[in-house]
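User: I should like to understand how the terms used for a protein model are justified. Could you take me through some examples, setting each value against its criterion?

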Amino acid sequence: MMAKVGTAGFLFILLSLGCWVVLASSIQNSEVIWKYRQAFWTGWLVTVKLSAVALLLSTVIGLAAAMAKRSKFLPVRYTAIVYIETIRGIPLLVLLLFLYYGVFNAVGFDHRLSAGVLILSLFSGAYIAEILRAGIESVGHSQWESARAIGLTNTQTYTYIVCPQALKHSTPALAGQFASLIKDSSLLSILGIAEFTFTAQQVNSATLSTLECYLPLSIGYLILTVPLSLWSKKLENALRYET
Amino acid sequence: MIVECDGVTKSFGSHLALREVTFRVEFSHTLALVGPSGGGKSTVLRILAGLEYPDSGRISINGHPLASAESDLAAYRKKIGVVFQSYNLFPHLSAADNIRLPLEKVHRFPDAEARTERILERFQLRDHGKKKPAELSGGQRQRVAIARALATDPEFLLMDEPTSALDPEMTAEVLDVIAGLREARQPLILVTHEMGFARETADAVAFVSEGQVLECGPAKEFFASPQSVEAKRFLGRILKY
């Protein structure tokens with residue numbers, strides 16, 4: 001066991017050293033990063049802001065779709081199913097191209113940032129809907145029955161019994177989905193929205209220094225996604241030991 | 001208390017759980033529903049609790065017919081208390097919050113907090129009020145469930161095998177609580193496999209087997225001289241060991 005850990009550690013150090021040597025020899029214009037720091041910072045902030053809005057919007061869409069999918073009224077339920085399955089079956093890149101250039105342009109809606117955030121939210125909302133639906137379904141039948149027996153109304157049952165438990169079960173998966181949303185936001189660069197990836201591409205075009213642009217780009221996303229991933233792991237562990 | 005069922009039928013898919021159940025029983029505090037597993041005891045109890053709708057037939061309790069519309073049944077359920085076999089406490093709420101929730105949100109008692117404290121005290125649960133169900137023993141959980149059902153001053157209590165998920169020591173702990181309800185003059189209908197307890201505590205028994213109430217009447221008579229062949233066989237088998 002110790003030998004295995006030792007070997008793995010040794011390989012990791014060797015690999016890190018290798019990467020460092022390659023990167024250090026490739027980064028020749030490190031002053032580019034410093035010179036364009038304001039552009040990187042502004043782009044990163046746009047990514048943070050649009051991700052935050054999309055995160056909120058996709059949660060609202062996801063919750064509505066999850067509830068709609070559980071509706072007893074068939075037209076509502078089937079609308080939710082068609083939305084969720086269609087969106088989940090199309091790559092985000094294709095969805096951006098189709099909705100922005102195909103649909104939004106046709107109806108004269110050409111505010112890039114709003115359109116981008118809306119499409120990203122619609123995309124992520126379909127996944128969040130499935131996560132929330134699974135969370136709601138993880139709340140056992142006995143809980144519903146007990147709520148009925150003590151006289152809670154349907155709305156009260158959702159508010160006090162089902163949602164708190166469903167949310168707890170869904171949080172690790174939601175944290176993962178939120179990290180995906182932040183990463184996926186890089187695709188909005190193809191609509192010409194001046195977010196983090198688009199900015200890095202612009203700097204790259206201007207300076208022709210690839211690694212100097214894309215290394216901070218990667219690190220910028222990691223700063224956002226790693227804490228989410230760690231938080232998700234922590235929650236998963238907390239849930240595992242609780243019951 | 002008087003419970004009357006007239007031609008009550010209930011099926012789940014192709015399984016006929018109750019077949020034209022007809023009986024009338026009058027008792028002062030405790031009615032025990034006994035019989036072999038799968039015989040339909042729990043279904044009778046769940047219908048009396050307003051948690052299942054019969055497919056046909058009429059039920060009346062103390063002369064009041066049981067409603068058939070969900071909104072009326074919901075109002076009916078507020079007036080009674082139900083305790084389940086597997087406690088059915090809300091795992092994300094503390095013991096005290098489990099008790100307080102219906103007091104505050106359903107019954108809107110202005111003294112919900114004081115009522116919660118009183119009932120926790122009565123069931124010797126004061127030290128456990130802040131604990132989540134997962135931190136309590138099976139016996140304590142069932143005591144919390146009974147406390148939650150009683151806190152709202154229900155007209156009567158319904159219990160579905162309240163001790164069958166417990167070990168013998170905890171069973172005794174919960175049976176003591178249930179026996180205490182008799183002294184408090186709390187009317188009670190319970191499904192139980194504890195024949196000794198039913199004989200000691202119940203004043204009336206309904207024997208449910210193969211989807212029918214084959215016998216019902218005073219507990220003493222039932223245990224001393226069961227009438228139906230099924231009840232004789234059942235008691236003979238139970239009391240053999």
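Analyst: The turns below treat a loop residue, a strand and a contact between chains in this predicted model.

User: Why is Thr163(B) called buried?

Analyst: The relative accessible area of Thr163(B) is 5%. The term buried applies under 20%. Thr163(B) is therefore called buried, because 5% meets that criterion. The residue lies in the loop between strand 7 (157-160) and helix 6 (168-183) of chain B.

User: Which residues does Thr163(B) touch, not counting residues up to four places away in sequence?

Analyst: With those places in the sequence left out, Thr163(B) touches Thr171(B), Val174(B), Leu175(B) and Glu194(B). Touching here requires heavy atoms within 4.5 Å.

User: What makes strand 3 of chain B mostly covered?

Analyst: Strand 3 of chain B comprises residues 30-34, and five of its five residues are buried. Thr30(B), Ala32(B) and Val34(B) point one way, while Leu31(B) and Leu33(B) point the other way. The residues pointing in both directions are all buried.

User: How do you know that strand 3 of chain B is paired with strand 8 of chain B?

Analyst: Pairing requires at least two bridges between the strands. Four bridges join strand 3 to strand 8 (residues 188-191) of chain B, so the two strands count as paired. They run parallel, and Thr30(B) stands opposite Leu188(B) in strand 8 of chain B.

User: What joins strand 3 of chain B to strand 9 of chain B?

Analyst: Four bridges join strand 3 to strand 9 (residues 204-209) of chain B, so this pair also meets the requirement of at least two. These strands run parallel, with Ala32(B) opposite Val205(B) in strand 9 of chain B.

User: Why is the link between Arg46(B) and Glu145(A) called a salt bridge?

Analyst: The closest N and O atoms of Arg46(B) and Glu145(A) are 2.7 Å apart. The criterion is a side-chain nitrogen of Lys or Arg within 4 Å of a carboxyl oxygen of Asp or Glu. The link is therefore called a salt bridge, since 2.7 Å is within 4 Å. The count between chain A and chain B is two salt bridges.

User: Which elements give two or more residues to the side of chain A that touches chain B?

Analyst: They are helix 7 (141-149) and helix 8 (154-184) of chain A. Helix 7 of chain A gives the largest share, seven residues. By class, this side of chain A has seven nonpolar, six polar and three charged residues.

User: How many residues does the contact take from each chain?

Analyst: The contact takes 16 residues from chain A and 21 residues from chain B. The area buried between the chains is about 1700 Å², of which carbon and sulfur atoms give 56%.

How values were computed
Residues are numbered from 1 along each chain as its sequence is written. Chains are lettered from A and ligands numbered from 1 in the order in which they are written. This is a predicted model: local features need pLDDT of at least 70, side-chain atom pairs count only at pLDDT 80 or more; totals for chains, interfaces and linings use all residues. Side-chain values use heavy atoms; hydrogens and water are left out. Buried means under 20% relative accessible area, exposed over 50%, partly exposed in between (1.4 Å probe, protein chains only). Buried area is the accessible area (1.4 Å probe) that two parts lose on being put together, summed over both. Ala, Val, Leu, Ile, Met, Phe, Trp, Tyr, Cys and Pro count as nonpolar, Asp, Glu, Lys and Arg as charged, and the others, Gly among them, as polar.
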